[in-house]
Amino acid sequence: MKLPRRYSMNQRAEFLRVRQEGQSRAGRFVIVATLAEEKLSHPKLAFVTSKRVSKKACERNRVRRLLREVIIKHGDDFQWPRYIVTIARTSAVEATFEELEKDWLRLARKLDIKT
RNA sequence: ACCUCUCCCCGGAUGAUCGCGGUUUGCUUUUUAAGUUUGCUGAGGAAAGUCCGGACACGGUAGGGUCGCGUGCCUUUUGAAAAAGAGGGACUGUGUUCUUAAAGGGAUGCAGGACGGAAAGUGCAGCAGAAAAUAAACCGUCUUACGAAAGUGAGAUAAGGGUGAAAAGGUGGGGUAAGAGCCCACCGCUCCAGAGGUAACAAAGGAGGCUAGGUAAACCCCGCGCCGUGCAAGACAUAACAGGAGUAGGGCGACCCGCCCGACUAGAAACUCCGGGUAUUAGUCGCAUCUCGCUUGCGAGAAUCCUUCGGGAUAGUCAAAUGAUCAUCGAACCUUCAGUCAGUGAAGGGGAACAGAAUCCGGCUUAUAGGGGAGAGCUUCUU
């Protein structure tokens, strides 16, 4: 699926809602939080790579781009519309795309995101 | 040719599929929006640190002082400035050579750098050493008292030893109880002077027994320069309200002097101060090479880069676009084999450093695998 800029979350209130009302699971490299919302006209996604992940902006960018690729590759199989927040853990800096993909899909199965 | 140093340049490549930002050409729809589609375009030499300098914006800029910040040999070139380059001077370290009995001095080469002031004041200095800044007596030397002697006490002494980065001028002679610039010669040093030089600087000459150790990237003093806050600057639009207090205060950092604006008329208005929330974790602009013109998104011109010489290009995000996967190629490096004095060649493996624009520009600093080029020095080889 495509991920245009419109799909990204940018409101603090949205993040708070997902955190309080949604479900979340932690994996080896990422933490995934989600909340189904019928009112949404399109998916709302966020990829969080804080400075705790790495002090180097270059590495944070790489991790975030890899996480985006996971959704681009598998997003069509998910149940929409919903909020999905992906938070990178410190170990994600060392991970390859394959490892991130496997970790993410495992969490998606636990959260019943996949159809 | 090897090695070292300095400077400059590059700093993974190509293709396919999928995807993102900007811009653009059409088309579609439920048309204030979205989908789809055609082109073009999209990270760096440091984008980093935020250490300097500017542009730009705001703060109603009289002026002066104190605090504060920056800067610091001279001449000159480039530059808006910071800064950088070139040449020179003094100093420190070091090599060669000449001279001298020695100490020392002259000539010449190389290297270094925040290179105003240590004779205004304050502070600081581990260990070693007896003693480290109004010098100092551990050993030693000399005098003297006591003693048979060994030695002990008192005093003199900075020549010798030892410690140290540094021991308060050096060498030789005189002198002395032993010594000491105590005296003398030479050298050094300090002060005066000032030929010469654009200047930093400084030759000759004169005076002084020598006083004044180091550290200013410690405080500090001196010269010169500096208004503050930074694009979260700031401007505009829409929506939507709700206040409180006051009437003299307000004004380019703080404090002081001083100056300017303003009220002094009851209310209103106006102004000032305090304090909120929503749209708004800003909607548009600022903001994307520059200038000019008008129809305000086009035209013209200019600059830089690329070029098939026709032209083409000029990042603009903002919970952060510039990416992912695969294939081919690939530098360093590793292994094996072959060969040579040596450079090397073949096969296999391996798979690219530091690092991500955030208003823009010029510097500085820091990180950086590897490759290329130029210059200098040293050594060696060949002719």
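## Close-up views of a predicted model

Valine 48 of β3 stands opposite isoleucine 87 in β4. The model is predicted.

**View 1. β3 and β4 run parallel.** Five bridges join the two strands. One facing pair is valine 48 and isoleucine 87, the latter in β4. β4 spans residues 82-88 and is mostly covered. Of its seven residues, five are buried.

**View 2. β2 pairs with β4 in the antiparallel sense.** Seven bridges link β2 and β4. Valine 30 faces alanine 88, which belongs to β4. β4 thus appears in two pairings: antiparallel with β2, parallel with β3. In a regular strand, side chains alternate between the two faces of the sheet.

**View 3. A hairpin joins β1 to β2.** Three residues make the connection. The two strands pair in the antiparallel sense, over four bridges. Alanine 26 stands opposite isoleucine 31 of β2.

**View 4. Arginine 28 sits in the loop between β1 and β2.** Is this residue buried, exposed or partly exposed? Arginine 28 has 14 C-beta neighbours inside 10 Å, so it counts as partly exposed. The cut-offs are 20 or more for buried and 12 or fewer for exposed. Setting aside neighbours within four places in sequence, arginine 28 contacts Ser91 and Asp103. Asp103 is also among the buried residues of α3. Glutamate 14 lies 14 residues from arginine 28 along the chain, and their C-alpha atoms are separated by 25 Å.

**View 5. α2 has a buried face and an exposed side.** The helix has 18 residues. From first C-alpha to last it reaches 26 Å, close to the 26 Å expected at 1.5 Å a residue. Arg60, Val63, Leu66, Leu67, Val70 and Ile71 are buried. Seen down the axis, the buried residues of α2 fall within an arc of 145°, so they line one face of the helix. Their cover includes β2, β3, β4 and α3. The other side of α2 carries the exposed residues Ala57, Cys58, Asn61, Arg65 and Ile72.

**View 6. α3 keeps its buried residues on the same side.** This helix runs over residues 97-110, 14 in number. Its span is 20 Å from first C-alpha to last, close to the 20 Å expected at 1.5 Å a residue. Leu100, Asp103, Trp104, Leu107 and Ala108 are the buried residues. They cover an arc of only 140° around the axis, which puts them on the same side of α3. What do they pack against? Their partners are β1, β2 and α2. Glu98 and Arg109 are exposed, on the face turned away from the buried side. Just after α3, aspartate 112 takes a positive phi of about 60°.

**View 7. The surface near RNA strand B draws on several elements.** There are 23 residues around RNA strand B, and Lys2, Arg12, Cys58, Arg65 and Phe97 come nearest. α1, β3 and α2 each give two or more residues to this surface. Which element gives the most? α2 does, with eight residues. Cys58 and Arg65, among the nearest to RNA strand B, are also exposed residues of α2. By class, the surface near RNA strand B has 11 nonpolar residues, four polar and eight charged.

Definitions and conventions:
Residues are numbered from 1 along each chain as its sequence is written. Chains are lettered from A and ligands numbered from 1 in the order in which they are written. This is a predicted model: local features need pLDDT of at least 70, side-chain atom pairs count only at pLDDT 80 or more; totals for chains, interfaces and linings use all residues. The expected span of a helix is 1.5 Å times one less than its number of residues. The arc is that of the directions from the helix axis to the C-beta atoms. Two residues are in contact if their C-beta atoms, placed from the backbone, lie within 7 Å. A residue is near a molecule or strand if its C-beta atom, placed from the backbone, lies within 6 Å of it. Ala, Val, Leu, Ile, Met, Phe, Trp, Tyr, Cys and Pro count as nonpolar, Asp, Glu, Lys and Arg as charged, and the others, Gly among them, as polar. Two strands pair if DSSP finds at least two bridges between them.
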